[in-house]
Amino acid sequence: MDSIISIKDLSKVYDNGFQALKGINLEIERGEILALLGPNGAGKTTLISVITGIVSASSGSVTVDGHDNVKNYRQARQLIGLVPQELTLSAFETVWNTVRFTRGLYGASTDNAYLEQLLKDLSLWDKKDNQLRMLSGGMKRRVLIAKALSHAPRILFLDEPTAGVDVELRKDMWHMIDKLRESGVTIILTTHYIEEAEDIADRIAVINDGEILLIEDKTELMQKLGKKQLIIELREPANTVPSNLVDLDVSLSDDGTILTYTYDASADATGITKLLNLLSESGLQLKDLQTTQSSLEDIFVDLVHKDSELKPSTET
Ligand SMILES: Nc1ncnc2c1ncn2[C@@H]1O[C@H](COP(=O)(O)OP(=O)(O)OP(=O)(O)O)[C@@H](O)[C@H]1O
Ligand SMILES: [Mg+2]
């Protein structure tokens with residue numbers, strides 16, 4: 001694997017003693033889109049902040065394309081763009097000056113044509129002379145994206161880029177992310193819209209309570225942990241699950257009209273033929289059949305719940 005970011009044994013204890021990251025090890029592949037999923041407070045923003053150098057690590061190391069992000073922070077930072085979760089903009093600056101200034105901060109030479117194209121891509125060009133306080137929330141988010149891209153970074157972090165954003169902008173953003181990926185930019189994003197991660201990410205990392213629970217290729221993850229269900233609608237309600245089916249993973253709805261069979265989609269034998277044979281032996285009449293497949297969201301909720309159940313509660 002050709003990693004562009006290497007994270008080794010990274011921990012973060014905040015000043016108040018709270019440990020937000022607990023020994024994170026992570027290799028981010030050059031050119032990939034990695035989605036970081038985790039519940040509120042899992043440590044996603046902390047992780048991004050430590051990688052991008054906004055927050056210092058308590059122990060461990062991060063290298064960005066070979067540059068240690070503390071010892072060689074300038075080189076490391078030049079490669080990185082960050083769209084932060086919180087809106088952080090100065091109200092009285094204009095859109096144009098904001099992106100120009102940010103580009104300058106990164107030591108990139110003036111390139112007005114690049115910035116013009118960037119603002120056009122983000123539908124901000126007609127607002128370029130507006131002060132930021134005159135923009136709507138969604139437009140401010142676009143400005144944050146323009147700032148993050150102002151120095152044409154090779155790695156882009158997007159922390160909840162689509163929170164509070166309308167459908168239109170969300171589509172624009174995913175389109176833009178696609179274009180960036182095509183040009184070879186590595187993208188790390190967090191989102192609570194899991195179906196977006198399902199659409200766009202190459203790999204998924206699930207983080208909970210400061211630890212990475214899992215990191216996996218999206219397709220493999222969906223195959224491995226994805227469960228399929230066969231929903232069987234009965235002509236007449238049944239009182240109980242037929243006795244010849246009790247050894248299978250079959251459940252009956254409260255009103256007795258729907259049998260649900262859960263099976264492992266990746267297994268060689270799904271057991272469906274056997275189930276249907278047994279059903280016909282039991283004399284039940286079928287009305288309709290349907291299959292459903294668990295989404296990334298189901299997988300995610302499952303993982304995080306299991307992790308929390310296994311841990312002793314830290315609440316006092
Ligand atoms: N400056 C700080 N001082 C102390 N604790 C902090 C600080 N910043 C964050 N935390 C704590 O660290 C934990 C992780 O926070 P973080 O912002 O990284 O979570 P997150 O995964 O980004 O959550 P969200 O999905 O809500 O954005 C939380 O319990 C949070 O309260
Ligand atoms: Mg966050």
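**Exercise 1. Which strand pairs with β1 (residues 3-13) over five bridges, and in what sense?**

Solution.
- Strand β1, residues 3-13, pairs with strand β4, residues 59-64. Five bridges link the two, in the antiparallel sense. The model is predicted.
- Look at one position. I7 stands opposite V62 in β4.
- Now widen the view. The open sheet has four strands, in the order β2-β1-β4-β5, and the pairing is antiparallel.
- Find the edges. β2 (19-29) and β5 (67-68) each pair on one side only.

**Exercise 2. Find the bridge partners of T260 in β13, starting from I231 and S251.**

Solution.
- Begin with β11, residues 227-234. Seven bridges pair β11 with β13 (residues 258-264), in the antiparallel sense.
- Within this pairing, I231 has T260 as its bridge partner.
- Turn to β12, residues 250-252. Three bridges join β12 to β13, and the two run antiparallel.
- Here S251 stands opposite T260.
- Follow the chain between β12 and β13. The two strands form a hairpin with five residues between them. G256, in the turn, has a positive phi of about 75°.

**Exercise 3. Check the length of helix α5 against the expected span.**

Solution.
- Count the residues: α5 has 13.
- Apply the rule. At 1.5 Å a residue, α5 should span 18 Å, because the expected span is 1.5 Å times one less than the number of residues.
- Compare with the model. The end C-alpha atoms are 19 Å apart, which agrees.

**Exercise 4. Where does α5 pack, and what does the helix give to the largest nonpolar core?**

Solution.
- List the buried part of α5. R141, R142, V143, L144, I145, A146, K147, A148 and L149 are buried.
- Name the packing partners. The buried residues of α5 pack against β6 (80-83), α3 (95-105), α4 (112-121), β7 (155-159) and α6 (167-182).
- Go to the core, which has 58 residues. Those touching the most other members are L34, A35, L119, A146, F157, I204 and A205. Helix α5 (residues 137-149) supplies the largest share of this core, six residues.
- Zoom in on A146. Leaving out residues up to four places away in sequence, A146 touches V99, L118, L119, L122 and L124.
- Recall the general pattern: in soluble globular proteins, nonpolar side chains tend to be buried together.

**Exercise 5. How many residues surround ligand 1, and which are the closest?**

Solution.
- The shell holds 13 residues. The closest are Y14, N40, K44, T45 and T46.
- Sort the shell by class. Four residues are nonpolar, eight are polar and one is charged.
- Ask which element gives the largest share. Helix α1 (residues 44-52) does, with three residues.

Note on methods:
Residues numbered from 1 in each chain as written. Chains lettered and ligands numbered in written order. Predicted model: local features only at pLDDT ≥ 70, side-chain atom pairs only at ≥ 80, totals over all residues. Core = buried A, V, L, I, M, F, W, Y, C linked by C-beta atoms within 7 Å. Buried ≥ 20, exposed ≤ 12 C-beta atoms within 10 Å, placed from the backbone. Contact = placed C-beta atoms within 7 Å. Pairing = 2+ DSSP bridges. Near = placed C-beta within 6 Å. Nonpolar A, V, L, I, M, F, W, Y, C, P; charged D, E, K, R; others polar.
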